[in-house]
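Let's take a friendly walk through the inside of this protein. We will begin with its aromatic rings and then turn to the empty spaces.

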Amino acid sequence: MKVGRLGGLLFMLCLVLLLWVWQSGAVLKYMARPFVCSAAEPEWFDALVDLSRELGWPGFQLSYVDPRGDRVDCASGWAGFMQPMRTDVVMRYASLSKLFTSQVMTQLFAEERLHPDDFLVRRLGISGPFTDPRVAQIRLGQLLRHTAGFDRLLSSDPMLMEQPWCPNHLDVLQRIQLDHAPGSHYSYSNLGYCLLGAVIAKAEGEALDKVYRRRLLQGYASTSIAPLARGEIREGEPARYFEPPESSADLLSLDYQSLLAAGGWSGTAQDLLTMLEDQFTGVEGGLFEKPLCSPLIWRACHGPAFYAYKKNGGQIMYWRDGSLPGVSAFVGVFESGDKIVVLANGRHAAWVNDSDRLGQAFYRWLR
């Protein structure tokens, strides 16, 4: 009788453990990797699959077009238990969403409705006095390049709080203290891109999601690209791997409506690449403006939309990554014409090094 009870208890414990492993997405990391591609996979595809395991991704989507215009869309790994990843599975773009903001700002600059040297507070209609007078000196071009004076390493990231003050309480600009003088220091800023979104919405007199749909997505017969809302899981989104202490609650609790200009969009890799091919032509001017910093150092040189990297003797690669709990994303645009989008349903909590490994691997594979 005691043996029977003990066996039952062990069974229940195993069941609970298996359920926890499944919910965390961990089991997906270790399953065999199916894959499907719309054409012959790139010669470096197997190396990408191997790297994806090391990075903790249950599965990923890859969309790639080479300099000749030949394109392939692939999916590898798992979207759920016994559910292979597919190219039509909806994924989160995370900070790849900033490309939407950069592109619309570039359009408004070209139309001469805005200018990179415009002062932020004048475009938002906010007058002083300012607790920190330097706020009045922030320019739109500095926000694009992450040199406006905000530093989340020193004063936290308000966009990751439960109730961000941007974009709905912009009068806070009158009271904040900058971490650096505008234009003097590079520091990646979600807040800066939220403020750019507020400028776009005011200039266009329309809600930001409607502006992006009209300027970037209109004309497609069908597209998976759509904004997210707090707590929303879009139909068909995959299961994810969260490395503790991160969890699904961390991902779903973000205020995606406030993050529209910085990280609030989702869709497939193939639809994002289609938009990139249509919107981002060539690698000169506009989004690919000559960097104001040295591209020889990885993750140190940010232009109006992308980081720039160039190894001695190699071509330049414009790139940016995106990351949220359980989400990894990457875009690369090469001087040669290669374009890459990768979306994955997992990440390690200490993700920056992983993202750097991915980007540098693509530079080696395609240089």
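In this predicted model, ring pairs join Trp-44, Tyr-64, Trp-298, Tyr-307, Tyr-309, Trp-319, Phe-330, Phe-334, Phe-362, Tyr-363 and Trp-365 into a cluster. Across the structure there are 21 aromatic pairs. One of them is formed by Phe-334 and Tyr-363, whose rings are stacked, with 6.3 Å from centre to centre and 25° between the planes. This pair links distant parts of the chain, since Phe-334 sits in strand S11 and Tyr-363 in helix H12, 29 residues apart.

Are these two rings buried or exposed? Phe-334 has a relative accessibility of 1%, so it counts as buried. Tyr-363 is buried as well, with a relative accessible area of 3%.

Another pair from the cluster brings together Phe-362 and Trp-365. Their ring centres are 5.4 Å apart and their planes meet at 85°; because planes over 60 degrees apart count as edge-to-face, this pair belongs to that class. Phe-362 and Trp-365 are three residues apart in helix H12, so about one helical turn separates them. Their surroundings are worth a look too: Phe-362 is buried, at 0% relative accessible area, whereas Trp-365 is partly exposed, at 22%. The cut-off explains the two labels, because buried means under 20% relative accessible area.

The two pairs can be set side by side:

| Pair | Centre to centre | Angle between planes | Class |
|---|---|---|---|
| Phe-334 and Tyr-363 | 6.3 Å | 25° | stacked |
| Phe-362 and Trp-365 | 5.4 Å | 85° | edge-to-face |

Now for the empty spaces. How many cavities of 30 Å³ or more does the structure hold? There are three. The largest cavity has a volume of about 120 Å³. Its lining is made up of 14 residues, and those nearest the centre are Trp-57, Ser-328, Ala-329, Asp-354 and Ser-355. Strand S10 (316-324), strand S11 (327-334) and helix H12 (352-366) each contribute at least two residues to this lining. Strand S11 and helix H12 are also the elements that hold Phe-334 and Tyr-363 of the stacked pair. By class, the lining of the largest cavity has six nonpolar, five polar and three charged residues.

The second largest cavity contains about 30 Å³ of space. Around it lie Val-90, Met-91, Arg-92, Glu-237, Pro-238, Arg-240, Gly-326, Val-327, Ala-344 and Asn-345. This lining divides into five nonpolar, two polar and three charged residues.

Conventions: Residues are numbered from 1 along each chain as its sequence is written. This is a predicted model: local features need pLDDT of at least 70, side-chain atom pairs count only at pLDDT 80 or more; totals for chains, interfaces and linings use all residues. Side-chain values use heavy atoms; hydrogens and water are left out. On a 1 Å grid over the protein atoms alone, a cavity is a set of points where a 1.4 Å probe fits but cannot get out, and a pocket is an open set with protein on both sides within 12 Å along at least five of seven lines; lining residues have an atom within 4 Å of a point. Grid points are joined across faces, edges and corners, and a volume is the space filled by probe spheres set on the points. Helices (H or I, at least four residues) and strands (E, at least two) are DSSP runs, numbered from the N terminus. Ala, Val, Leu, Ile, Met, Phe, Trp, Tyr, Cys and Pro count as nonpolar, Asp, Glu, Lys and Arg as charged, and the others, Gly among them, as polar. Rings of Phe, Tyr and Trp (its six-membered ring) pair if their centres lie within 6.5 Å; planes under 30 degrees apart count as stacked, over 60 as edge-to-face and the rest as tilted. Buried means under 20% relative accessible area, exposed over 50%, partly exposed in between (1.4 Å probe, protein chains only).
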